[in-house]
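Colleague: I am new to this structure, and I would like to hear the reasons behind the words used for it. Could we go through them one at a time?

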Amino acid sequence: MLCLTLLPGEYFTVGDDTVIQFDRFNGGRVHITIHAPREVTILRGEVLERSGGKRPACVYSLNQREKKPAP
């Protein structure tokens, strides 16, 4: 899994036609902008799980991440 640290205004690309930009951090929330083709489905994790989808194995809770030993 790739983990990035971004400053407001920075972005990264996924493939040739998807761009994710870090917009701002406000009150403990991160705001991002996603530009992707219409045929690409984008769902919040809570919506996916609420509608019966399974949490991807690569997604961890914050508590799990904090307990990981340093490499």
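Modeller: Let us start with Thr 18, which counts as buried at 12% relative accessibility. Please keep in mind throughout that this is a predicted model.

Colleague: Why is Thr 18 called buried?

Modeller: The word applies under 20% relative accessible area, and Thr 18 has 12%, so Thr 18 counts as buried. Thr 18 is found in strand β2, and, leaving aside its neighbours within four places in sequence, Thr 18 is in contact with Phe 12, Thr 13, Ile 34, His 35, Ala 36 and Pro 37. Of the 71 residues of the protein chain, 6% count as buried.

Colleague: What makes Phe 25 exposed or buried?

Modeller: Phe 25 also belongs to strand β2, which covers residues 18–26, but its relative accessible area is 54%. Exposed means over 50%, so Phe 25 is exposed. In β3, the bridge partner of Phe 25 is Val 30.

Colleague: Which residues form the nonpolar patch on the surface, and what makes Phe 25 eligible for such a patch?

Modeller: The patch is formed by Phe 25, Val 30, Ile 32, Ile 34, Val 40 and Ile 42, which together have about 550 Å² of accessible area. A patch residue needs over 30% relative accessible area, and Phe 25, at 54%, therefore passes that cut-off. Strand β3, residues 29–35, gives the most to this patch, with 3 residues.

Colleague: How do you know that β1 and β2 are paired, and β2 and β3 as well?

Modeller: Pairing requires at least two bridges between two strands. Between β1 and β2 there are 4 bridges, and between β2 and β3 there are 7, so both pairs meet the requirement. Both pairings run in the antiparallel sense. As examples of facing residues, Phe 12 stands opposite Ile 20 in β2, while Ile 20 in turn stands opposite Ile 34 in β3.

Colleague: What makes β1 and β3 the edges of the sheet?

Modeller: The sheet is open and has 3 strands in the order β1-β2-β3. Strands β1 (11–14) and β3 each have a single partner strand, so one side of each is left without a neighbour in the sheet. On average, neighbouring strands of this sheet are turned by 25° against each other, with direction ignored. The turns between the strands can be described too: the hairpin of β1 and β2 has 3 residues between the strands, and Gly 15 there takes a positive phi near 70°, whereas the hairpin of β2 and β3 has 2 residues between them, with Gly 27 in the turn at a positive phi of about 60°.

Colleague: How do you know that Arg 24 and Asp 23 form a salt bridge?

Modeller: The cut-off is 4 Å between a side-chain nitrogen of Lys or Arg and a carboxyl oxygen of Asp or Glu, and the side chains of Arg 24 and Asp 23 meet at 2.7 Å, N to O, so this pair qualifies. The structure holds 3 salt bridges, including that of Arg 44 with Glu 46, whose closest N and O atoms are 3.7 Å apart.

Colleague: Why is Arg 44 described with one accessibility word and Glu 46 with another?

Modeller: Exposed means over 50% and partly exposed lies between 20% and 50%. Arg 44 has 56% and is therefore exposed, whereas Glu 46 has 49% and so counts as partly exposed.

Terms used
Residues numbered from 1 in each chain as written. Predicted model: local features only at pLDDT ≥ 70, side-chain atom pairs only at ≥ 80, totals over all residues. Heavy atoms only, no water. Patch = residues over 30% accessible without salt bridge, like charges linked within 9 Å, V, L, I, M, F, W, Y side chains within 5 Å. Areas by Shrake-Rupley, 256 points an atom, 1.4 Å probe, with all protein chains shown as cover. Buried < 20%, exposed > 50% of the residue type's maximum accessible area, 1.4 Å probe, protein only. Axes fitted to C-alpha atoms, helices over the stretch in contact; angles between N-to-C directions. Contact = heavy atoms within 4.5 Å.
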